4 protein chains.
Amino acid sequence: MIRAAIIGATGYTGLELVRILSAHPGVTITVATSRQYEGRPLHKVFPSLSGSVDIVCQSPSPERVIGAADVVFLAVPHQTAMTQVPVFLQADKKVIDLSADFRLKDVRVYEKWYQPHSASEYLAEAAYGLPEIHAAAIRKARLVANPGCYPTTVILGLAPLLKKGLIDNKSIVVDSKTGVSGAGRSAVLSSLFCEVHEDVKAYKVAAHRHTPEMEQELSLLSGEEIAITFTPHLVPMGRGMLSTIYADLKGQQTTGDLISEYEEFYNQAPFVKICAEGAYPQTAHVKGSNYCFIGLKVDERTGRVIILSAIDNLVKGASGQAVQNMNLMFGLEETTGLKGIPLFP
Amino acid sequence: MIRAAIIGATGYTGLELVRILSAHPGVTITVATSRQYEGRPLHKVFPSLSGSVDIVCQSPSPERVIGAADVVFLAVPHQTAMTQVPVFLQADKKVIDLSADFRLKDVRVYEKWYQPHSASEYLAEAAYGLPEIHAAAIRKARLVANPGCYPTTVILGLAPLLKKGLIDNKSIVVDSKTGVSGAGRSAVLSSLFCEVHEDVKAYKVAAHRHTPEMEQELSLLSGEEIAITFTPHLVPMGRGMLSTIYADLKGQQTTGDLISEYEEFYNQAPFVKICAEGAYPQTAHVKGSNYCFIGLKVDERTGRVIILSAIDNLVKGASGQAVQNMNLMFGLEETTGLKGIPLFP
Amino acid sequence: MIRAAIIGATGYTGLELVRILSAHPGVTITVATSRQYEGRPLHKVFPSLSGSVDIVCQSPSPERVIGAADVVFLAVPHQTAMTQVPVFLQADKKVIDLSADFRLKDVRVYEKWYQPHSASEYLAEAAYGLPEIHAAAIRKARLVANPGCYPTTVILGLAPLLKKGLIDNKSIVVDSKTGVSGAGRSAVLSSLFCEVHEDVKAYKVAAHRHTPEMEQELSLLSGEEIAITFTPHLVPMGRGMLSTIYADLKGQQTTGDLISEYEEFYNQAPFVKICAEGAYPQTAHVKGSNYCFIGLKVDERTGRVIILSAIDNLVKGASGQAVQNMNLMFGLEETTGLKGIPLFP
Amino acid sequence: MIRAAIIGATGYTGLELVRILSAHPGVTITVATSRQYEGRPLHKVFPSLSGSVDIVCQSPSPERVIGAADVVFLAVPHQTAMTQVPVFLQADKKVIDLSADFRLKDVRVYEKWYQPHSASEYLAEAAYGLPEIHAAAIRKARLVANPGCYPTTVILGLAPLLKKGLIDNKSIVVDSKTGVSGAGRSAVLSSLFCEVHEDVKAYKVAAHRHTPEMEQELSLLSGEEIAITFTPHLVPMGRGMLSTIYADLKGQQTTGDLISEYEEFYNQAPFVKICAEGAYPQTAHVKGSNYCFIGLKVDERTGRVIILSAIDNLVKGASGQAVQNMNLMFGLEETTGLKGIPLFP
């Protein structure tokens with residue numbers, strides 16, 4: 001059994017790691033940390049775990065984690081993660097970091113969008129944890145930088161087109177919609193029920209920190225520097241993320257042609273499903289699961305392709321993907337512990 | 001492997017049976033019927049099944065079902081169920097009926113609240129499928145009448161008190177709140193998003209058909225005829241049911257005393273969890289799971305006890321409970337295939 | 001024009017006072033205070049006011065308020081209100097206090113449920129601001145204690161029965177459901193979208209501070225000491241409150257008989273509407289308005305009456321009722337500025 | 001008083017017309033028609049009207065309407081409207097048609113996206129009812145074609161840029177999000193609470209019938225033929241629409257420059273509000289009102305402008321705009337009856 005530590009177990013992604021790993025046949029959760037709830041059984045913080053999970057929140061002491069775990073999941077804010085990753089790597093632990101701290105290869109880009117980096121010497125070796133693109137690197141990695149939720153939808157949504165050079169790289173526009181759980185379990189005014197209910201809004205317009213992460217990976221896929229326009233929106237639901245991606249096609253492909261390209265590109269990817277022509281993904285259809293559903297349409301009137309890419313932001317957008325990465329790092333079947341069927345309705 | 005047929009697979013309880021049974025280690029779904037979607041792969045009706053379930057909807061032909069199944073789940077409306085149950089029983093199938101047709105022992109009561117019964121000769125042998133109360137009968141039954149969602153919350157909520165004779169049986173008031181999925185997947189005005197969103201309402205006030213079902217079981221538990229006042233309410237959520245139950249205590253028990261009674265009563269029941277004093281169940285904490293969470297409070301000022309009982313109406317209130325019954329009928333561990341952790345948030 | 005000051009204008013009840021008073025033909029808002037947003041235009045805090053309201057938040061200086069206002073609305077927490085009410089009364093202002101500080105006549109009851117009272121000498125003269133019951137006192141009052149949202153639904157729902165002595169006063173059970181706006185505009189974990197969405201829960205079971213307020217008024221109406229059992233619940237909507245009230249009938253009245261009693265009792269009350277037999281109130285049907293809709297049903301099987309009483313908690317449950325009180329205090333038509341039609345859907 | 005007839009009063013836009021016109025100081029509703037609810041008081045269909053509106057639904061007899069009304073609002077489906085408009089025009093009534101039947105000037109375009117047109121001789125004289133653009137024509141019109149909800153957001157969002165020629169007309173991408181009320185009050189599966197709750201999806205991708213309407217008006221504004229890419233999305237809320245519009249800037253304008261252009265363009269438009277730099281519109285902030293809030297951001301990294309445009313789809317997107325048009329047609333102040341402050345939260 002793999003012994004897993006979850007650092008930051010009482011946020012929504014921490015809880016989701018607990019939910020998934022508790023049902024994983026090859027894993028035992030040995031440590032769950034929480035400064036705020038130290039000493040409390042986790043099922044008192046989250047009654048949804050009653051009867052299923054029996055672990056007590058500990059303070060995040062590195063020694064204890066090192067002694068008890070083979071793999072460390074960091075579900076802490078960026079800037080906190082960079083102080084902990086080196087400690088666990090030096091103790092020969094495998095580390096899966098759900099924060100942004102090790103996703104960007106270029107420290108200058110990181111420091112432009114975030115703040116100074118105190119552990120940039122690890123950037124080079126960190127594998128970008130999107131298994132559909134980087135499986136080989138992830139299998140060998142000590143440190144995996146788990147992707148952001150928005151980048152997961154967008155990179156998966158564009159990879160086949162970029163790899164084949166089918167679109168004008170300057171024309172990419174990304175319009176994303178997310179549920180409120182993406183904002184985390186923090187008591188802030190903007191996440192109150194009455195502030196987001198019966199509302200749609202854009203936020204961090206053309207200024208969201210996931211932008212450089214997308215651009216890094218899209219550029220890698222295409223072989224050219226890519227800059228995109230990205231607008232995230234908040235919609236009144238708990239889980240779910242849908243990205244609508246627009247790009248100018250260079251050629252005359254039909255919707256059917258492109259669907260074939262996507263099916264071929266993802267024919268070894270167990271969690272990516274391509275919708276049939278005329279069907280489009282809905283976030284409700286992936287809720288609670290590690291799937292990414294992708295749909296396509298060529299707008300023949302304007303020569304653009306529209307790609308729709310849906311995930312559960314807490315699963316494929318965070319904790320499920322982290323477990324998928326763990327499976328690869330430990331030589332397990334990629335889908336182990338992740339076969340749960342979406343919960344609809 | 002148990003071969004299971006699901007009659008009526010394209011309603012919400014049918015879909016939930018598919019979701020649960022697909023992940024059950026001892027079951028293969030061999031037949032899923034739907035008049036409306038005959039010939040269509042089920043995952044085209046419910047894209048949430050894409051990649052997980054590969055079965056085509058068939059017309060509900062009894063012969064085919066009989067040839068292919070060991071157990072038949074009926075997820076069809078009452079009045080339809082009573083025409084099918086005899087066919088499957090006569091072919092020596094085990095039958096779990098999710099409709100109301102075989103829940104009431106007294107055909108006159110059934111015919112008063114519903115309509116004439118065409119198969120009343122099977123009422124006597126049907127086991128009322130609430131495993132926490134009737135496990136022995138269920139284990140031996142050919143036919144299990146799966147309880148209604150409201151009765152599940154209310155019977156589990158009151159059983160310990162009635163069994164011990166702790167309350168005035170004339171004083172019971174039940175105020176229940178349900179999510180919209182309980183109304184099924186029918187295109188009716190009253191289930192439209194805009195008609196239930198941002199709204200709470202009572203419906204079928206003191207006139208809901210689950211009333212005699214509750215009264216039958218509560219009377220059995222207490223040994224006295226019991227009549228209750230029951231008001232169901234609709235709240236704007238998809239899944240979830242909470243019943244708030246009021247009764248006059250005969251004695252001077254404290255909240256702690258009663259919690260002890262409940263813990264003892266349910267100490268062999270894997271799906272019933274009693275909340276600690278001061279804590280109360282929330283439907284969000286059982287979503288997607290087969291749990292029933294129960295909380296208690298004695299209102300010392302008035303001598304009443306208040307019991308709160310929460311389930312996922314589609315799981316413990318319908319399809320999960322049906323699978324729990326199947327496990328008992330086939331001699332499997334009661335929790336097989338039902339250990340999924342609730343999905344929160 | 002009546003010059004109105006709103007103390008605490010940036011909570012939800014404060015905003016609702018601004019919305020209603022801005023459209024009131026006899027009122028000018030001269031002061032809106034907010035410690036947190038001092039100096040900011042109110043429409044920057046609440047963009048919904050852009051184009052309609054042009055006032056800047058001030059610090060809550062009593063002198064400025066006294067110089068600029070004829071009536072002071074206090075939309076501040078209890079305990080804060082009791083320090084301000086004497087100041088404004090001594091300056092000969094009319095005061096409408098939306099907090100709980102002056103609702104209870106018996107200071108010992110107040111101090112048992114809340115904390116010590118520093119201005120109890122004003123309790124006797126405060127009029128309890130439920131116009132349907134206390135219009136005469138309100139018309140003459142300098143100080144009106146605006147009722148709580150729960151008490152508004154419950155007192156209006158029970159008044160005709162208590163006045164006529166038709167029910168067993170010991171048998172009253174109140175089960176209420178509220179939207180999340182009742183918790184106010186505070187950044188607390190329990191009001192986060194992800195914590196209340198897709199959830200129903202009870203809270204402060206048999207322990208809510210509105211209990212003594214209801215009991216005081218119900219006792220006054222009946223002439224006997226009344227104790228009730230009260231359970232509030234939180235449902236996932238922004239606005240709206242529904243109370244379901246249960247009581248044992250002494251006699252054999254039919255639903256129709258009781259509806260006639262209610263229609264007669266409220267025939268001069270412009271904001272109370274009694275539903276026809278078989279119809280029940282929905283919170284969606286009063287949203288944004290000052291109405292209270294009441295429906296009734298006699299459960300003949302058990303001899304109980306079930307009363308359903310619905311309001312918008314921010315309007316008839318708070319700010320609309322405050323303006324209704326102001327109209328009476330200043331000799332205006334009771335409905336002035338309050339005729340807005342509910343917003344459905 | 002203007003006597004108004006509402007044809008199709010029991011859909012959501014019909015109800016919204018009733019709500020707005022009932023409070024309009026210059027209007028009396030004399031006829032409200034409904035085939036389905038003929039003979040029923042409207043407040044029995046919509047209890048939200050209880051106490052405010054006392055009118056009985058009639059069958060849609062043209063004679064009765066003609067005898068009783070000065071202006072006819074058609075809130076009926078397209079194809080039905082085209083059969084009624086000529087009747088009312090020939091009887092010298094002013095007609096405001098909320099359907100799509102008279103919005104497109106080119107009958108071939110109409111027949112390509114809809115079906116054959118039986119009254120195309122009236123297309124030329126119909127004024128396109130967007131007062132911020134076509135006030136002069138509306139003032140003189142007998143027939144106003146009230147715009148669709150999507151076009152209202154998009155045309156208002158792009159008009160200043162097109163008028164000044166600031167963007168590349170080939171580069172326009174529109175990504176819109178709507179609440180469920182836009183689908184109307186029809187009992188269809190896709191509008192059920194459980195089918196849209198906790199979900200976001202695109203629909204009619206690059207194929208929505210509002211596309212030619214937008215293109216007609218955008219082309220008129222710019223003086224060039226414009227084709228756009230348009231993707232509508234459904235989000236789980238009742239009311240509200242947000243369009244996010246992307247276009248390539250020809251020049252080097254800053255966000256501030258463009259905001260100045262918009263403020264100048266709309267300085268006579270009482271219902272259009274331009275957000276300050278860094279602020280963006282939210283649908284919750286216009287709920288129940290006739291406002292359109294617009295925000296802007298230049299994405300300097302890519303040279304695109306992002307425009308956000310929010311309305312209440314039932315008010316500025318339908319019934320409120322219809323009343324605004326009526327005000328112009330009858331020489332009233334444009335804002336009469338439309339000054340209601342948005343309901344937040």
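**Exercise 1. Find which residue of β3(A) is the bridge partner of A:Ala4, and place that bridge in its sheet.**

*Solution.*
Step 1. In β3(A), A:Ala4 has A:Val71 as its bridge partner. Helices (H or I, at least four residues) and strands (E, at least two) are DSSP runs, numbered from the N terminus.

Step 2. Now look at the two strands. Strand β1 (residues 2-7) of chain A pairs with strand β3 (residues 71-74) of chain A in the parallel sense, over 4 bridges. Two strands pair if DSSP finds at least two bridges between them.

Step 3. Zoom out to the sheet. In chain A, 6 strands make an open sheet with parallel pairing, in the order β2-β1-β3-β4-β6-β5. At the edges stand β2 (27-33) and β5 of chain A, each with a single partner strand, so one side of each lacks a neighbour in the sheet.

A word on what you are looking at: this is a predicted model, in which local features need pLDDT of at least 70, side-chain atom pairs count only at pLDDT 80 or more, and totals for chains, interfaces and linings use all residues. Residues are numbered from 1 along each chain as its sequence is written, chains are lettered from A and ligands numbered from 1 in the order in which they are written, and side-chain values use heavy atoms, with hydrogens and water left out.

**Exercise 2. Describe the sheet of chain B and say which helix packs on the sheet.**

*Solution.*
Step 1. The open sheet of chain B has 6 strands in the order β2-β1-β3-β4-β6-β5, with parallel pairing. Its edge strands are β2 (27-33) and β5 (127-128) of chain B, and each pairs on one side only.

Step 2. Strand β4 (residues 94-97) of chain B and strand β6 (residues 143-145) of chain B run parallel, joined by 3 bridges. One residue pair to look up is B:Ile96 with its bridge partner B:Val144 in β6(B).

Step 3. The helix is α11 (residues 315-329) of chain B, which touches β1 (2-7), β2, β3 (71-74), β4 and β6 of chain B. Contact means heavy atoms within 4.5 Å. The direction of α11 makes about 160° with that of β4(B); axes are lines fitted to C-alpha atoms, for helices over the stretch in contact, and angles run from 0 to 180 degrees between N-to-C directions.

**Exercise 3. Decide whether A:Pro116 is buried or exposed, and list what A:Pro116 touches.**

*Solution.*
Step 1. A:Pro116 lies in the loop between α5 (107-113) and β5 (127-128) of chain A.

Step 2. Its relative accessibility is 62%, so A:Pro116 counts as exposed. The cut-offs are under 20% relative accessible area for buried, over 50% for exposed, and partly exposed in between (1.4 Å probe, protein chains only).

Step 3. Leaving aside residues up to four places away in sequence, A:Pro116 touches A:Met82, A:Tyr110 and A:Glu111.

**Exercise 4. Check the end-to-end spans of α7(C) and α11(C) against 1.5 Å a residue.**

*Solution.*
Step 1. The expected span of a helix is 1.5 Å times one less than its number of residues. Helix α7 (residues 149-164) of chain C, with 16 residues, should span 22 Å, and its end C-alpha atoms are 24 Å apart, which agrees.

Step 2. Helix α11 (residues 315-329) of chain C has 15 residues, but its end C-alpha atoms are only 18 Å apart, short of the 21 Å a straight helix would reach.

Step 3. Look for bends, where the bend at a residue is the angle between axes fitted to the seven residues ending there and the seven starting there. α7(C) bends by about 45° at C:Leu158, with the proline C:Pro160 following within four residues. α11(C) bends by about 45° at C:Gln321.

Step 4. Finally, check burial: 14 of the 16 residues of α7(C) are buried, and so are 15 of the 15 residues of α11(C).

**Exercise 5. Work out which strands pair with β12(C).**

*Solution.*
Step 1. Strand β11 (residues 272-274) of chain C pairs with β12(C) in the parallel sense over 3 bridges. Here C:Val272 has C:Cys292 as its bridge partner.

Step 2. Strand β13 (residues 304-311) of chain C runs antiparallel to β12(C), joined by 8 bridges. In the hairpin of β12(C) and β13(C), C:Gly303 takes a positive phi near 75°.
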